[in-house]
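Student: I would like a close look at a single helix, with its geometry first and its surroundings afterwards. Please relate it to the rest of the chain where the model allows.

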Amino acid sequence: DQILGNIRKGQSALRRIRCVVGGTWFGLSAVAAAVCEFMMPTQWMLPALWDNRILEFCRVFLAYTLFDARLLMSSLAPLGDDTRFMQLVLGTDIVMFAALRFNMIRGLGAHGWQAASWSERVMQTEYIAKAAVCMGVAAWAMTRRDPEAMNTWLWRHLAVYATITTFQALMSGLVMLTDGDQGMVVPIASAVPPGILLYLVLDQRLLYWTQSQLRRWVDTTGATSAAASIACAIGPGDPTMVLRQAKAQFRCVTLDCVAFEDVQDNTPNPELYSRSCAVTLGHCDAFVSHSWHDDAGPKWDALQAWRASFVQSHGREPTVWFDKLCIDQTNIERDLRCLPIYLGGWVILSGPSYMSRLWCIMELFFFIMMGGRLSSINLIPVANEGNEDDSLLTIVSSFKTFDAGACECFFEHDKERMLTVIQTSFGSLVAFNQRVSLLLRELSREVRCDMPRSSTLSSHSSSDGQASRQHDA
């Protein structure tokens with residue numbers, strides 16, 4: 001019931017975030033489009049005023065600003081995983097470009113084209129070509145099936161439009177000078193807004209900050225980004241079905257069935273899956289979280305030290321969830337989708353690289369968001385052999401200087417997926433970093449931090465450790 005409640009809470013929060021963020025930006029985009037359309041028939045009502053170059057600059061600048069703002073704000077409306085909303089935005093852009101160019105061609109007509117100067121013909125041709133290119137890029141973006149790819153091409157579509165428009169405005173100025181027209185007001189005024197748009201698209205820090213401020217307001221209304229991250233990671237669907245799938249897939253293994261050679265590296269070995277067994281969800285002593293980039297020897301020694309302590313306290317072997325043995329290597333994606341539901345008690349083997357692995361951080365974050373208690377975490381520092389002092393300093397420092405953007409995954413696709421979850425739920429990496437940093441400070445204050453004999457600064461109990469590994473191997 002608690003798991004289902006947390007999932008439903010996350011789905012509700014994610015729906016509210018979608019409605020608030022999408023409705024706000026799409027509404028503002030519609031207002032900008034309406035004002036821009038209103039200006040078109042009225043902008044020539046006072047032609048005498050437009051003889052003033054300052055007023056002419058303001059008119060052109062405002063028209064281009066409103067048009068570009070409409071494009072930008074509608075692109076901010078869909079969350080990073082919402083392909084249907086992104087397709088709606090891209091489709092709207094295609095229709096808008098097509099309608100504008102159709103009206104331009106119809107208004108120009110055959111007589112108007114013949115009467116136009118060569119510079120006017122060049123500019124009209126440029127407008128049509130720009131619309132064709134922008135519609136082509138938008139159509140290409142709509143065909144992307146992967147949410148990350150579609151979102152990337154959505155912003156590339158804006159970058160292409162801004163680049164062509166800026167270049168077109170500058171070239172129009174040169175053509176006007178060639179024709180002997182000294183009025184550079186229109187080209188300059190029409191080049192500034194798309195230039196600003198291009199800067200915002202290429203360097204999105206200001207956009208991320210704006211999104212995070214909107215998300216912060218959404219959080220105050222009860223739709224927390226943290227809860228939404230659970231729903232985003234699990235994906236759409238009935239939470240009851242997701243929980244049923246997690247129950248069917250959940251497995252654990254007793255540590256006496258695990259050998260050092262099994263955890264020495266992360267090379268997939270489907271045969272290891274047979275050593276684990278299906279158990280009731282929640283009936284597992286610990287979820288072992290670790291980084292494959294830390295030294296295997298010290299990690300093994302730390303795990304065996306925790307195992308010995310558990311056997312001494314409970315009189316039996318501990319059952320654990322260990323990724324390499326408990327994930328079906330033939331259907332990894334299915335098991336990872338259920339990962340937020342699997343989490344129970346925790347053993348963290350924190351080596352120097354632990355805080356730099358994005359999966360490790362997301363596991364920890366999901367554990368807390370699903371109702372896990374910090375008091376049920378065993379945090380075990382694991383120092384690399386031969387470099388214990390520096391390793392422990394690196395571990396301590398990594399908890400203070402966390403940055404999700406600097407984290408890595410073994411597969412680049414996994415990193416893109418996790419970053420999409422973060423961007424969708426929190427709006428920016430900065431907001432997520434702040435939340436995780438707060439969690440890490442609480443973790444460092446409240447959890448049990450066990451320092452196994454194998455990780456002491458004086459020595460690594462090398463003889464005992466090597467004997468243990470040889471015996472288990």
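At 1.5 Å a residue, what should the 19 residues of helix α10 (residues 296–314) span, and how far apart are its end C-alpha atoms?

Tutor: The model is a predicted one, and every value below is computed from it. Helix α10 should span 27 Å, and its end C-alpha atoms are 26 Å apart, which agrees. The figure of 27 Å follows because the expected span is 1.5 Å times one less than the number of residues. Just after α10, G315 takes a positive phi of about 75 degrees.

The next matter is how α10 is covered. Its buried residues begin with A296, G297, P298, K299, W300, D301, A302, L303 and Q304, and the list is completed by W306, R307 and F310. Charged residues thus appear in that list, among them K299, D301 and R307.

One of these buried residues, W306, leads from the helix to the interior. The largest nonpolar core has 105 residues, and W306, F402 and F432 are the members that touch the most others. The largest share of this core, 11 residues, comes from helix α14. As a general point, nonpolar side chains tend to be buried together in soluble globular proteins.

Helix α14 therefore deserves the treatment just given to α10: its 12 residues (358–369) should span 16 Å at 1.5 Å a residue, and its end C-alpha atoms are 16 Å apart, which agrees. As for cover, 12 of the 12 residues of α14 are buried. Among them are W359, I361, F365, F366 and F367, and the charged residue E363 is also in the list. Just after α14, G371 takes a positive phi of about 100 degrees; after α10, the corresponding residue is G315, with a positive phi of about 75 degrees.

F402, named above beside W306, shows what such a core member touches. Leaving aside residues up to four places away in sequence, F402 touches M355, I361, C407, F432, N433, V436, S437 and L440. Of these partners, I361 is one of the buried residues of α14, and F432 is another of the core members with the most contacts.

The wider chain gives the setting for both helices. It has 18 helices and 7 strands, and 49% of its 473 residues count as buried. Among contacts between residues at least 6 apart in sequence, 80% join residues at least 24 apart. The chain exposes about 22600 Å², of which carbon and sulfur atoms supply 60%.

Some of the nonpolar surface is gathered in a patch: F57, I188, V192 and I196 make one of about 300 Å². Helix α6 (residues 185–202) gives the most to this patch, with 3 residues. F57 is found in helix α2 (residues 53–76) and is partly exposed, with a relative accessible area of 30%. Elsewhere, L174 lies in helix α5 (residues 147–178) and counts as partly exposed at 48% relative accessibility. L174 and P187 are 13 residues apart in sequence, and their C-alpha atoms are 9.0 Å apart.

Charged pairs complete the picture, for the structure holds 9 salt bridges. In one of them the side chains of D81 and R18 meet at 2.8 Å, N to O. D81 lies in the loop between α2 and α3 (83–115) and R18 in helix α1 (residues 2–42), so this pair ties together parts that are 63 residues apart in sequence. D81 is partly exposed, at 24% relative accessible area, and R18 is partly exposed, at 24% as well. R18, D81 and D82 are linked in a network of salt bridges.

A second pair is D265 and K324, whose closest N and O atoms are 3.5 Å apart. D265 lies in the loop between β1 (251–254) and β2 (277–278) and K324 in helix α11 (residues 323–326), so this salt bridge ties together parts that are 59 residues apart in sequence. D265 counts as partly exposed at 35% relative accessibility, whereas K324 is buried, with a relative accessible area of 7%.

A third pair, K415 and E408, meets in a salt bridge at 3.6 Å, N to O. K415 is buried, with a relative accessible area of 10%; E408 is partly exposed, at 35%.

To return to the helix of the request, α10 agrees with its expected span, and its buried residue W306 is among the members that touch the most others in the largest nonpolar core.

Methods: Residues numbered from 1 in each chain as written. Predicted model: local features only at pLDDT ≥ 70, side-chain atom pairs only at ≥ 80, totals over all residues. Heavy atoms only, no water. Patch = residues over 30% accessible without salt bridge, like charges linked within 9 Å, V, L, I, M, F, W, Y side chains within 5 Å. Areas by Shrake-Rupley, 256 points an atom, 1.4 Å probe, with all protein chains shown as cover. Salt bridge = Lys/Arg side-chain N within 4 Å of Asp/Glu carboxyl O. Helix = DSSP H or I, 4+ residues; strand = E, 2+ residues; numbered from the N terminus. Buried < 20%, exposed > 50% of the residue type's maximum accessible area, 1.4 Å probe, protein only. Core = buried A, V, L, I, M, F, W, Y, C linked by side-chain atoms within 4.5 Å. Contact = heavy atoms within 4.5 Å.
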